[in-house]
Amino acid sequence: MPSSSEKLVHRSPGLALWPGLLSLTILGLPLSGLAANGFEDEDLAQVYGDKSFVSIATGSVQPIHRAPAVATVITAGDIEALGARNLEQALALVPGLHVSRSAYFNNPIYTFRGIHSQYNPQVLVLVNDLPLTSVFGGDRGTGWGTVPVEMISRIEVIRGPGSALYGADALAGVINVITKNPEELKGTRLSAVYGSFQTGDVTAIHGDDQDALRYSTYVHVGRSEGADPTVRADQQSAFDALFGTSASLAPGPINL
C-alpha cells in the first residue's frame with residue numbers, strides 16, 4: 001500500500017512542482033518590483049525634475065541617492081529662498097565648495113575641497129550640458145560673466161572627480177547650470193531691484209510655446225556704483241614719509 005505522502009503526490013501531481021514555482025515567484029517579486037521602481041523613478045524625474053533627481057553624475061536622469069558621486073542639486077526655489085543675485089551666491093549652498101575671485105580679471109574661482117588654482121582649469125562648468133572651457137587656460141575665459149539667476153532652472157554639482165564621464169577638465173568637480181525652458185517661462189515677468197551702493201536693475205523675461213515654435217527672451221538693464229572704501233595709507237605712504245616724496249595716491253578710494 002502506498003504511503004500517505006505517495007498518495008498525496010499521486011492525487012495532486014502539481015503539488016510536486018508547487019514548492020519550486022513558489023520559490024521562483026517569491027524571488028521574482030522583489031526583482032520585478034525594483035525594475036518597476038526604476039522606471040517609475042525615471043518617469044518622475046522627467047516630469048518633476050526636482051532636487052531628488054540628478055543627471056550630471058552618469059549622463060542620465062536618476063535619483064540622487066543612487067548617483068555614483070557626491071552630488072548636490074540647487075533648484076530655482078532654493079535660489080529664490082536664498083535671495084541670490086548671481087550664480088556664485090547660489091553656489092554658496094554647496095558644502096565643500098568655496099567661491100573666490102581672480103586677482104587678474106575678477107573671474108570666479110570655484111574651489112572644491114581646497115583644490116585651488118588661479119585659472120581654475122580643474123573644475124568643469126557646463127551650461128545645459130555644454131562645456132565652457134577656453135583652450136588657453138582651461139578655465140571659462142576672461143569673457144565669462146555669469147548666468148542670470150532668473151533664467152536658472154536648476155544647478156547640479158559634483159563634488160569630486162568627474163573625469164570618467166567628462167574628461168580631464170573635471171578633475172576636482174563639475175557644475176552644470178540648466179536654464180529654464182519656454183514652458184517654465186510661459187508668459188511675461190517683470191522685476192525691479194534696488195539696493196545699497198546705488199544699485200538698481202530692471203529685468204524682463206518672456207517665454208512661449210506655439211506649436212513648433214518655442215522661444216524665450218531675457219532683457220536685463222542695471223548699474224551699481226559699487227563699494228568704494230577709502231585707503232588711508234599704503235606702502236608708498238611710508239616711503240613718502242621716509243624720503244619726503246609724495247608719490248602715493250593714498251588716501252583715496254578703491255574703484256570696485
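**View 1. Proline 108 sits in strand S5.** This is a predicted model, as are the views that follow. At 4% relative accessibility, proline 108 counts as buried. Tyrosine 119 comes eleven residues away along the chain, and 9.3 Å separates the C-alpha atoms of these two residues. Tyr119 also belongs to a nonpolar surface patch, together with Tyr104, Phe105 and Phe136, and the four have about 580 Å² of accessible area together. Phenylalanine 105 is in the loop between strand S4 (97-101) and strand S5 (108-112). With a relative accessible area of 54%, phenylalanine 105 is exposed.

**View 2. Five strands make an open, mixed sheet.** Read across, the order is S3-S8-S9-S6-S7. Strand S3 (71-75) and strand S7 (130-131) stand at the edges with a single partner strand each, so one side of each has no neighbour in the sheet. Further in, strand S8 (residues 152-159) runs antiparallel to strand S9 (residues 173-179), and seven bridges join them. To find your way around that pair, look for valine 157, which stands opposite isoleucine 175 in S9.

**View 3. Strand S6 is largely enclosed by the rest of the structure.** How many of the five residues of S6 are buried? Five of the five are. Val123, Val125 and Val127 point one way from the strand, Leu124 and Leu126 point the other way, and all are buried. S6 runs parallel to S9, joined by five bridges. Here valine 125 stands opposite isoleucine 175 in S9, and isoleucine 175 also has valine 157 opposite. With S7, S6 pairs in the antiparallel sense over two bridges. Valine 127 is opposite leucine 130 in S7. The two strands form a hairpin with two residues between them, and asparagine 128 in the turn takes a positive phi of about 55 degrees.

**View 4. Strands S10 and S11 pair up as a hairpin, with phenylalanine 197 in the loop between them.** Strand S10 (residues 187-195) and strand S11 (residues 199-210) are antiparallel partners over nine bridges. Glycine 187 faces a second glycine, residue 207 in S11. Three residues lie between the strands. Phenylalanine 197 has a phi near 60 degrees, which is positive even though the residue is something other than glycine. Its relative accessible area is 47%, so phenylalanine 197 is partly exposed.

**View 5. Two more backbone oddities, at arginine 113 and proline 251.** Most residues other than glycine have a negative phi, and most peptide bonds are trans. Arginine 113 is not a glycine, yet has a positive phi of about 50 degrees. You'll find arginine 113 in the loop between S5 and strand S6 (123-127), where it counts as exposed at 53% relative accessibility. Over at proline 251, a cis peptide bond joins this residue to alanine 250, with omega about 0 degrees. Proline 251 is in the loop between helix H6 (235-243) and strand S14 (252-253).

**View 6. Lysine 180 is buried yet has no salt bridge.** This lysine is in the loop between S9 and S10. Which side chain of opposite charge is nearest to lysine 180? That is glutamate 184, 6.2 Å away. A polar atom of the lysine 180 side chain does lie 3.3 Å from the backbone oxygen of glutamate 150.

**View 7. Glutamate 150 and arginine 85 form a salt bridge.** The closest N and O atoms are 3.3 Å apart. This pair links distant parts of the chain: glutamate 150 is in the loop between S7 and S8, arginine 85 is in the loop between helix H3 (76-82) and helix H4 (87-90), and they are 65 residues apart. Glutamate 150 counts as buried at 16% relative accessibility, whereas arginine 85 counts as partly exposed at 38%.

**View 8. Arginine 101 and glutamate 88 meet in another salt bridge.** The N to O distance here is 3.8 Å. Arginine 101 lies in strand S4 and glutamate 88 in helix H4, so the pair ties together parts that are 13 residues apart in sequence. Arginine 101 is partly exposed at 41% relative accessibility, while glutamate 88 is buried at 7%.

**View 9. Glutamate 225 and arginine 223 also form a salt bridge.** The closest N and O atoms are 3.0 Å apart. Glutamate 225 is partly exposed, with a relative accessible area of 34%, and arginine 223 is exposed at 54%. Elsewhere, salt bridges that share partners join Arg85, Glu150 and Asp201 into one network.

Definitions and conventions
Residues numbered from 1 in each chain as written. Predicted model: local features only at pLDDT ≥ 70, side-chain atom pairs only at ≥ 80, totals over all residues. Heavy atoms only, no water. Pairing = 2+ DSSP bridges. Helix = DSSP H or I, 4+ residues; strand = E, 2+ residues; numbered from the N terminus. Patch = residues over 30% accessible without salt bridge, like charges linked within 9 Å, V, L, I, M, F, W, Y side chains within 5 Å. Areas by Shrake-Rupley, 256 points an atom, 1.4 Å probe, with all protein chains shown as cover. Buried < 20%, exposed > 50% of the residue type's maximum accessible area, 1.4 Å probe, protein only. Lys, Arg positive; Asp, Glu negative; His and termini not counted. Polar contact = N/O pair within 3.5 Å; in protein donor to acceptor, adjacent residues only side chain to side chain.
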